Amino acid sequence: HETILLSRSDVRSLLSMDAAIAAVEAAFEAHGHGRALMPPKVYLELDAYHGDLRAMPAYVDGAAGVKWVNSHPENPARFDLPAVMGMYILSDPATALPLAVMDATLLTAVRTGAAAAIASKHLAPRPPKTVGFVGCGVQARTLLEAHRAVYGDTFEVLCADVSEHAARAFADEARGRVVSLEEASGADVVNASTPARAPVVKRAWVKENAHVNAIGADAHGKQELEPAILLAGRVVIDDWEQATHSGEVNVPLQTGELRREQIHATLGEILAGKRPGRGDAPLTVFDSTGLAVQDVALARVVHAAARERGVGTGFDFFR
Ligand code: NAD
């Protein structure tokens, strides 16, 4: 009855982006059909320590587990530790035996990139000639990797960031071009992944027939897009409860600039065939907050690959 322990480098060696996209797509579809179990995230606010811990449990298609992940922005400067450190516990739904305990930091970035590329695949009107990155941090890397997995290496990569250094480093890695926030926002597909609390992407910069992935807003009060962008096209969210509370739509819903009826559908509903996709809308926006079903779907893939390839360290918690 051993549990497999998997480090970040184990997870990296076991998880391909193609497999991740297939698993995350299936998880969204199950969510759209109402087949997944996903109680709301639980937040443990550790204000005295300037951080928080979150539990994200989910069950989908025979896989059950929980992600235990934090946000401690001062960690790098004060303790030489990462700001975010995620762990995943994957449990056998039949017996509750812990099948695997693994690093979930890379898992989180991979599932985030995968979700956005799935949204682009289903909502963008055609394969993009340009993909713009507003914010060139950790998520931008997997956003790019996932878009290349879907479209091949066929588009120009436009990199913009408030930090010139961040934009340059990403552009070098991605074989892309450093551009202004305005030019990146004018790409065929725009990936916004900043921690902004006021709009970065302006309505006037986004062109007709674009698709925008709004990734950065994942907590109350966060916002990256001028609300006029949401009003100009179809807004697709990942989950009603999470997105209205903490996604890109949370601020404009609160100020009354956006009404709930103006939100078109969840991505899962579109994948499940319950709601139409882009139609002839001039613009689409995918508002991603990050769902626990995405994590459990990937944890299952990692565990299956670890068993098949004999990767990881066995540990008996109950001996
Ligand atoms: P990161 O710190 O690695 O990168 C963020 C980048 O944004 C940095 O390079 C920073 O210089 C840049 N930036 C900050 N403010 C900016 C602004 N006003 N204009 C342009 N660029 C700006 O962070 P990350 O891990 O890439 O995460 C980015 C955001 O995505 C965070 O808000 C995080 O909470 C969120 N996130 C969302 C999901 C999801 O599933 N939707 C998953 C993970 C992270």
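A residue counts as exposed when its relative accessible area is over 50%, and as buried when that area is under 20%. Glu 241 has a relative accessible area of 53%, so Glu 241 is exposed. The model described here is predicted.

**Two residues on either side of the cut-offs**

Glu 241 belongs to helix α9, which covers residues 240-246. Its C-alpha lies 9.9 Å from that of Pro 39, although 202 residues separate the two in sequence.

Thr 266 is a contrasting case. Its relative accessibility is 5%, so Thr 266 counts as buried. Thr 266 sits in strand β15, residues 263-266. Leaving aside neighbours within four places in sequence, Thr 266 is in contact with Val 236, Ile 237, Asp 238, Asp 239 and Trp 240.

**The eight-stranded sheet**

Strand β15 is part of an open sheet of eight strands. Their order is β9-β8-β7-β10-β12-β16-β14-β15, and the pairing is parallel. The edge strands are β9 and β15, each of which pairs on one side only. Strand β14, residues 234-237, runs parallel to β15, and three bridges join the two. Val 236 has Ala 265 in β15 as its bridge partner. Helix α4, residues 105-123, packs on this sheet. There α4 touches β10, β12, β14 and β16, and its direction makes about 160° with that of β12.

**The seven-stranded sheet**

A second open sheet has seven strands in the order β2-β3-β4-β5-β6-β1-β17. Here the pairing is mixed. Its edge strands, β2 (42-46) and β17 (313-315), each pair on one side only. On average, neighbouring strands are turned by 15° against each other, direction ignored. Strands β1 (residues 3-6) and β6 (residues 98-103) run parallel and are joined by three bridges. Leu 6 has Met 102 as its bridge partner in β6. Helix α12, residues 292-309, lies across β1, β3, β4, β5 and β6. Its direction is at about 70° to β3.

The two helices that lie on these sheets can be set side by side.

| Helix | Residues | Strands touched or crossed | Angle |
|---|---|---|---|
| α4 | 105-123 | β10, β12, β14, β16 | about 160° with β12 |
| α12 | 292-309 | β1, β3, β4, β5, β6 | about 70° to β3 |

**Nonpolar cores**

The largest nonpolar core has 51 residues. Which of them touch the most other members? They are Met 102 and Leu 107. This core draws at least three residues from each of domain 1 (3-107 + 293-315) and domain 2 (109-291). Apart from it lies another core of 27 residues, including Ala 196, Val 200, Val 201 and Ile 229.

Met 102 also touches Leu 107 itself. Not counting residues up to four places away in sequence, the other residues that Met 102 touches are Leu 6, Val 11, Gly 86, Met 87, Tyr 88, Ala 299, Val 302 and His 303.

**Helix α6**

Helix α6 spans residues 164-174. Ala 166, Ala 167, Phe 170, Ala 171 and Ala 174 are buried in it. Seen down the axis of α6, these buried residues fall within an arc of 125°, so they line one face of the helix. The face turned away from the buried side carries the exposed residues Glu 164, His 165 and Glu 173. What covers the buried residues includes β7 (130-134), α5 (138-151), β8 (156-160) and β9 (177-178). Just after α6, Arg 175 takes a positive phi of about 55°.

Methods:
Residues are numbered from 1 along each chain as its sequence is written. This is a predicted model: local features need pLDDT of at least 70, side-chain atom pairs count only at pLDDT 80 or more; totals for chains, interfaces and linings use all residues. Side-chain values use heavy atoms; hydrogens and water are left out. A nonpolar core is a set of buried Ala, Val, Leu, Ile, Met, Phe, Trp, Tyr and Cys residues joined through side-chain atoms within 4.5 Å. Buried means under 20% relative accessible area, exposed over 50%, partly exposed in between (1.4 Å probe, protein chains only). Domain bounds come from an automatic or database domain assignment. Contact means heavy atoms within 4.5 Å. Helices (H or I, at least four residues) and strands (E, at least two) are DSSP runs, numbered from the N terminus. The arc is that of the directions from the helix axis to the C-beta atoms. Two strands pair if DSSP finds at least two bridges between them. Axes are lines fitted to C-alpha atoms, for helices over the stretch in contact, and angles run from 0 to 180 degrees between N-to-C directions.
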